[in-house]
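Visitor: I should like to go through this model and ask, term by term, what justifies each description.

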Amino acid sequence: MKEIFTKEKNLMLGIRYQNRGQYYGTYTVAFIVFAIICYWPFFSLNKAMIWNGDGLGQHYIALTYYGKYLRGIVGELFSNGNFTLPLWDFSIGYGGDILTTFNYYVIGDPLNLLSILVPASKTEYLYSFLVLLRLYLAGISFSMYCRYTKKGSFATLCGTLTYVFCAYALFASARHPFFINPMIYFPLLLIGVEKIFHGKKPYLFIGTIFVSAISNFYFFYMMSILCFLYAMIRFFSVYQKDRIQKFFLCLRNFCGYYLVGGLLAGVLFIPSALALVSGDRISIKNSIDLFYKGFYYQKLSTSLITGDLVGSWTIVGCSAIVLPAIVLLFMKKKQYKELKISFVILTLMFLFPFAGHVMNGFSYSSNRWEWGYTFLLSFILVTMLPELMKITKKQLAIIMSLTFAYLVSYYIFKKNPDGRFLSAWYILLAAVLVFGACAFIKKYLHISDLLKKRINYTVIFGVMAAGIFFQANSRYGKSAGYIYDFIDKGTAYKKMMSTSATAVSRLEDQEFVRFETYGKAQYTMPHNSSVLNNVNGLSFYFSLSNNYITKFFDETANRIYLSFCYKGLDNRIGLSTLANVKYQVTPQSMQENPFYGYQPLDHKVDLPVQIYENEQALPFGYTYSNYLSSEKYKSLSPIEKQEAMLQAAVIDEKADILPEAEPSFSSVEIPYKIKYGKGVELKNGFFDVKKGSGTITLLLDGKKDAETYVVFKNLAYKAKKDSGPRARKAQIEVSSGNVKKNFKTITPESHLYEGKKDYAINLCYSDKPVTKIKIKLTGRGKYSFKDLKVICQPMNQYPAQVEALKADHLENTEFTANKITGNIDLDSSKLLCLTIPYSKGWTAYVDGKKTEILRTNTMYSGILLDKGNHLVELKYFTPGLQAGLLCSLIGVISFAGIIIYNKKKKSV
């Protein structure tokens with residue numbers, strides 16, 4: 001008898017695995033077909049799946065860098081037998097932590113480990129492959145959830161394809177590839193929740209928490225909130241009795257397993273979390289309104305079937321077949337309560353900016369969690385599809401009436417009707433008619449049940465696919481234009497190897513130097529190109545930044561307006577020299593040398609650039625003979641501050657071994673007269689631009705042999721009321737002669753607003769007096785300011801100041817992984833200034849003794865030294881990494897304990 005039951009069990013398992021294999025085989029074929037159709041414009045137009053914005057400047061660079069990083073670690077291990085994990089790289093902006101910078105993008109994501117196998121020149125193809133692989137795996141995860149909840153194969157397939165090719169996925173997959181990761185992890189996380197509810201092993205839940213947390217803290221935060229909501233709603237369905245006791249038992253289990261998964265991820269999660277809370281982005285106070293603007297709600301009402309971007313990263317579009325499923329869901333009384341509650345809660349979250357504020361980590365309002373909403377909509381389709389196939393006449397009449405009411409209301413409330421909505425509505429109407437036809441065929445058509453099923457499945461699948469292909473064409477079709485925002489296939493690496501960073505790398509300078517760029521030509525623009533060219537620049541564009549660098553920009557009124565995106569020091573000679581800048585790179589068309597103390601190089605770099613070399617370049621470690629307290633420093637103007645830093649080290653505390661300086665200032669304010677051009681006038685103390693742009697001209701008698709600055713104090717822009725919802729920033733161009741500088745001023749309504757209002761624009765050096773400055777204001781509205789000054793900074797004292805700084809400097813400097821060493825011989829006590837962005841991860845040793853590192857000149861690092869010969873060592877270890885390693889160790893022990901406990905429990 002036992003053998004009979006064993007054979008029967010094995011037979012059932014065999015059928016089960018066969019059905020599973022058939023389903024996933026069918027899904028794989030369907031995915032390939034759908035992916036080819038949806039992304040066909042990339043193939044036909046020879047485009048790579050790399051957006052010519054963040055895609056190229058952040059994601060592609062990060063993936064390529066990660067591959068080189070991993071190959072470097074493995075190469076060192078096999079060639080020298082040393083396992084070294086580099087934690088710091090000076091090519092990241094002014095220098096940055098590798099783990100915390102790239103954890104947001106690539107480090108921790110298991111799929112990105114494939115980059116170790118692909119050379120940098122071919123990473124573009126891996127990048128595109130991973131875009132599609134992530135989408136495919138999202139479908140696998142969603143299918144697993146549906147099959148775990150006992151849903152039918154056909155309904156699961158339709159829901160899976162709707163989920164994988166929703167408007168969010170179509171938009172985000174090629175724009176920000178890792179935005180698809182939560183679509184992979186979330187269904188697995190929910191299966192883990194279900195297993196725990198039903199007393200099964202928690203390994204999947206713990207494992208998914210671990211992978212989610214170690215891959216990206218941003219989406220892990222969102223998944224945690226949505227998972228909590230899911231568990232709360234499911235609890236009341238799973239447990240009908242003893243709910244209070246069960247609640248605390250479940251709370252204990254879930255919190256414990258969640259903690260174990262989080263501890264396992266501690267090695268990356270804790271350092272990244274510390275970097276986040278110590279940065280500027282999380283501390284910015286954004287304006288959060290009670291409601292969105294009216295246009296948001298208008299677009300939201302139609303975006304479900306059109307797939308349009310609504311605003312605040314709201315992209316809720318799915319195949320139109322979902323809408324009848326939602327309507328029928330609410331027509332089923334006393335059924336599907338969990339789905340109804342979930343739908344109401346998540347839909348309400350889209351209606352109020354505060355919800356987006358919370359889901360975005362209490363930053364600006366953003367609905368990047370809509371992948372969770374798409375999961376719900378797709379699962380509603382899976383659940384209701386069998387019901388739709390046997391729809392009653394009454395239900396069909398109601399759905400049909402609402403479908404036409406939807407169309408009528410659109411034309412009533414929409415001022416400028418969009419033909420795309422009508423096309424999407426036709427697909428919706430077709431879906432409703434198809435479900436009516438399915439019910440008719442099932443009831444009245446006298447053919448075999450198998451044939452009925454095949455006919456019904458075919459027409460339903462067809463209308464589902466039509467909704468997906470419509471939204472894909474709306475996104476990537478030629479007429480949409482968005483496809484042209486992507487780079488041409490095979491050009492990514494070439495672009496990165498044809499930048500100003502490439503030009504500097506070809507100089508093969510063996511010293512520690514930095515370079516800065518001037519101009520807007522394409523080859524000077526990529527912010528992070530230094531990372532791949534292995535040179536040190538001043539540009540940076542990654543999500544987690546050093547807040548001391550931002551503070552430095554604010555204090556000196558640099559024309560940078562974003563804390564996580566900056567490019568150089570505005571070519572200010574004093575500040576650039578203090579930053580170890582040796583080279584300025586300009587377009588080849590630059591007619592005059594605008595840099596004091598720089599000479600053009602004749603070195604050929606085979607790129608259309610001109611490189612200028614700083615004759616007064618400072619070494620990596622230079623010294624100050626005196627200091628200036630940060631309190632006195634704060635009272636100075638932005639131009640006086642940069643003069644002061646050439647004379648004294650700015651530190652927060654008193655230095656007993658150094659005298660306090662009394663800096664002298666040579667900068668002078670220049671009077672001017674204003675000449676107003678067309679389109680702008682002075683009204684009640686502000687510039688009023690009535691049309692697209694307006695220009696004012698400042699007439700003055702400047703100083704020769706000086707840098708000239710235009711300084712805006714408390715500048716603010718307010719757009720005209722009829723300028724449209726996107727009028728949240730204005731561009732200002734300041735020019736004199738051949739020198740042009742641009743910057744943006746942001747309104748508080750913009751999610752990019754960081755409160756910056758002071759700008760000092762450097763018009764560079766001229767040996768002749770500047771007599772005319774043009775200011776072009778682009779953006780209709782009012783430009784208010786407390787003060788507008790012209791400052792000239794004579795350069796006659798600059799050479800002597802620089803010579804004093806490099807009189808004693810660090811010599812025999814060696815840079816190795818996570819370590820810097822050098823010698824210095826001093827005749828008197830001094831402060832050694834190191835142009836390392838200040839970070840608690842650095843530890844200094846002087847002659848073998850641990851020494852305090854002082855934050856110097858706001859953003860750099862300094863060490864006080866007595867007279868004599870000294871060996872200086874600096875070692876780096878990522879802040880929080882030690883605690884993270886300890887947490888991961890505790891997590892491993894805890895996880896092992898859970899496994900042992902479950903094995904013993906099973907044996908008992």
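Guide: Let us begin with the overall dimensions. The model is predicted, and its chain of 908 residues has a radius of gyration of 31 Å.

Visitor: What makes the radius of gyration of the chain agree with that of a compact globule?

Guide: The globule rule takes 2.2 Å times the number of residues to the power 0.38. For 908 residues a compact globule would therefore have a radius of gyration near 29 Å, and the 31 Å of the chain agrees with that value. Along its principal axes the C-alpha trace spans about 100 × 70 × 55 Å. The chain holds 29 helices and 34 strands.

Visitor: What share of the residues counts as buried, and what is the cut-off?

Guide: Buried means under 20% relative accessible area. In the chain, 55% of the 908 residues count as buried. The accessible surface comes to about 39,900 Å², of which 58% belongs to carbon and sulfur atoms. Among contacts between residues at least 6 apart in sequence, 75% join residues at least 24 apart.

Visitor: How far apart are the mean positions of the positive and negative charges?

Guide: The chain has 102 positive and 63 negative charges, and their mean positions are 18 Å apart.

Visitor: Why is threonine 856 called buried?

Guide: Its relative accessible area is 0%, and the cut-off for buried is under 20%; threonine 856 is therefore buried. Threonine 856 belongs to strand β32, residues 854-856. Beyond four places in sequence, threonine 856 touches Ala649, Val650, Ile651, Leu831, Cys833, Ser861 and Gly862. In addition, a polar atom of its side chain lies 3.1 Å from the backbone oxygen of leucine 854.

Visitor: What makes the pairing of serine 143 and threonine 160 a polar contact?

Guide: A polar contact requires a pair of N or O atoms within 3.5 Å, one able to donate a hydrogen and the other to accept it. The side chains of serine 143 and threonine 160 are joined at 3.0 Å. Serine 143 lies in helix α5, residues 123-148, and is buried because its relative accessible area is 0%. Not counting residues up to four places away, serine 143 touches Tyr23, Tyr24, Thr156 and Thr160. By contrast, the C-alpha atoms of serine 143 and threonine 745, 602 residues apart along the chain, are separated by 47 Å.

Visitor: Why is serine 312 called partly exposed, and why is asparagine 534 called exposed?

Guide: Exposed means over 50% relative accessible area, and partly exposed lies between that and the 20% limit for buried. Serine 312 has 30% and is therefore partly exposed; asparagine 534 has 63% and is therefore exposed. Serine 312 sits in the loop between α13 (294-306) and α14 (322-331), asparagine 534 in the loop between α23 (529-533) and β6 (539-541).

Visitor: What is notable about phi at serine 312 and at asparagine 534?

Guide: Most residues other than glycine have a negative phi. Phi of serine 312 is near 55°, a positive value, and phi of asparagine 534 is near 60°, also positive.

Visitor: How do you know that α14 is largely enclosed by the rest of the structure?

Guide: The conclusion rests on a count: 7 of the 10 residues of α14 are buried, so the helix is largely enclosed. The buried residues are Val322, Leu323, Pro324, Ala325, Ile326, Leu328 and Leu329. Their cover includes α6 (153-164), α13, α15 (337-351), α17 (370-388), α18 (393-413) and α19 (419-444).

Visitor: What makes helix α7 mostly covered?

Guide: In α7, residues 167-175, 9 of 9 residues are buried. They include Tyr168, Phe171 and Arg175.

Visitor: Why does isoleucine 305 count as buried?

Guide: Isoleucine 305 has 2% relative accessibility and therefore counts as buried, the limit being under 20%. Isoleucine 305 is located in helix α13. Its contacts beyond four places in sequence include Leu323, Tyr406, Phe421, Trp425 and Phe470. Isoleucine 305 and lysine 390, 85 residues apart in sequence, are 23 Å apart from C-alpha to C-alpha.

Visitor: Why is asparagine 456 also counted as buried?

Guide: Its relative accessibility is 4%, so asparagine 456 counts as buried. Asparagine 456 lies in helix α20, residues 449-476, and touches Met389, Cys438 and Ile441, leaving aside residues up to four places away in sequence.

Terms used
Residues numbered from 1 in each chain as written. Predicted model: local features only at pLDDT ≥ 70, side-chain atom pairs only at ≥ 80, totals over all residues. Heavy atoms only, no water. Helix = DSSP H or I, 4+ residues; strand = E, 2+ residues; numbered from the N terminus. Buried < 20%, exposed > 50% of the residue type's maximum accessible area, 1.4 Å probe, protein only. Contact = heavy atoms within 4.5 Å. Areas by Shrake-Rupley, 256 points an atom, 1.4 Å probe, with all protein chains shown as cover. Lys, Arg positive; Asp, Glu negative; His and termini not counted. Charge placed at Lys NZ, Arg CZ, Asp CG, Glu CD.
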